[in-house]
Amino acid sequence: MKPDFQVTAKSNLSSIKRALTKGGNSTLKTIELDRLNHLFRHCKTGSSTEYEQIEETFLPEVLKIIQN
């Protein structure tokens, strides 16, 4: 399984954290979720052309992380 190719987590997480902190959010946590595409679904290639072939919806595990 491949990662999200639309936005790479490694190059963006520090900027996201910095912006949210600057905006006053002191209770945030950034997490890199491996092997998920841009829609938070497991994938084989990570390409957006694969979206219509994936039957899985937004992963419950990701929703739990967001909730916590």
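Biologist: In this predicted model, does Phe40 count as buried, exposed or partly exposed, and what is its relative accessibility?

Modeller: To place Phe40, we should begin with its position, which is in the loop between α1 and α2. A residue is called buried under 20% relative accessible area and exposed over 50%, with partly exposed in between. Phe40 falls in the middle class, because its value lies between these two cut-offs, and so Phe40 counts as partly exposed, at 33%.

Biologist: Which residue in the loop between α1 and α2, other than Phe40, has a positive phi although it is not a glycine?

Modeller: As background, most residues other than glycine have a negative phi. Phe40 goes against this pattern with a phi near 60°, and a positive phi of about 65° is also found at another non-glycine residue. That residue has its place in the loop between α1 and α2, and its name is Arg35.

Biologist: Is Arg35 buried or exposed, and what is its relative accessible area?

Modeller: The cut-off that matters here is 50%, since a residue over that value is called exposed. Arg35 passes this cut-off and is therefore exposed, with a relative accessible area of 52%.

Biologist: How far apart in space are Arg35 and Thr49, C-alpha to C-alpha?

Modeller: Along the sequence, Arg35 and Thr49 are 14 residues apart. In space, going from C-alpha to C-alpha, the separation of Arg35 and Thr49 is 16 Å.

Biologist: What distance separates the C-alpha atoms of Gly46 and Pro3?

Modeller: Gly46 has its place in the loop between α1 and α2, and because its relative accessibility of 4% is under the 20% cut-off, Gly46 counts as buried. Pro3 is 43 residues away from Gly46 along the chain. Even so, the C-alpha atoms of Gly46 and Pro3 are separated by 5.3 Å.

Biologist: With which residues is Leu20 in contact, leaving aside its neighbours within four places in sequence?

Modeller: Leu20 is found in helix α1, and its relative accessible area of 39% lies between the two cut-offs, so Leu20 is partly exposed. Once the neighbours within four places in sequence are left aside, the contacts of Leu20 are with Asn25 and Leu28.

Biologist: Which element gives the largest share of the lining of the largest pocket?

Modeller: The largest pocket holds about 740 Å³ of space, and the elements that give two or more residues to its lining are α1 (9–22) and α2 (60–67). The lining is made up of 26 residues, of which Leu13, Ile31, Glu32, Leu33 and Phe40 lie nearest the centre of the pocket. The largest share, six residues, comes from α1.

Biologist: What percentage of the residues in the chain is buried?

Modeller: The chain has two helices and zero strands, and its C-alpha trace spans about 40 × 25 × 15 Å along the principal axes. The accessible surface of the chain comes to about 5500 Å², with 54% of that surface belonging to carbon and sulfur atoms. Of the 68 residues in the chain, the buried ones make up 18%.

Biologist: How far apart do the centres of the positive and negative side chains lie?

Modeller: The two sets to be considered are 10 positive side chains and 8 negative ones. The centres of these two sets lie apart by 11 Å.

Technical notes. Residues are numbered from 1 along each chain as its sequence is written. This is a predicted model: local features need pLDDT of at least 70, side-chain atom pairs count only at pLDDT 80 or more; totals for chains, interfaces and linings use all residues. Side-chain values use heavy atoms; hydrogens and water are left out. Helices (H or I, at least four residues) and strands (E, at least two) are DSSP runs, numbered from the N terminus. Buried means under 20% relative accessible area, exposed over 50%, partly exposed in between (1.4 Å probe, protein chains only). Accessible areas come from the Shrake-Rupley method with a 1.4 Å probe; for residues, only the protein chains shown count as cover. Lys and Arg count as positive and Asp and Glu as negative; His and the chain ends are not counted. The place of a charge is taken as NZ of Lys, CZ of Arg, CG of Asp or CD of Glu. On a 1 Å grid over the protein atoms alone, a cavity is a set of points where a 1.4 Å probe fits but cannot get out, and a pocket is an open set with protein on both sides within 12 Å along at least five of seven lines; lining residues have an atom within 4 Å of a point. Grid points are joined across faces, edges and corners, and a volume is the space filled by probe spheres set on the points. Contact means heavy atoms within 4.5 Å.
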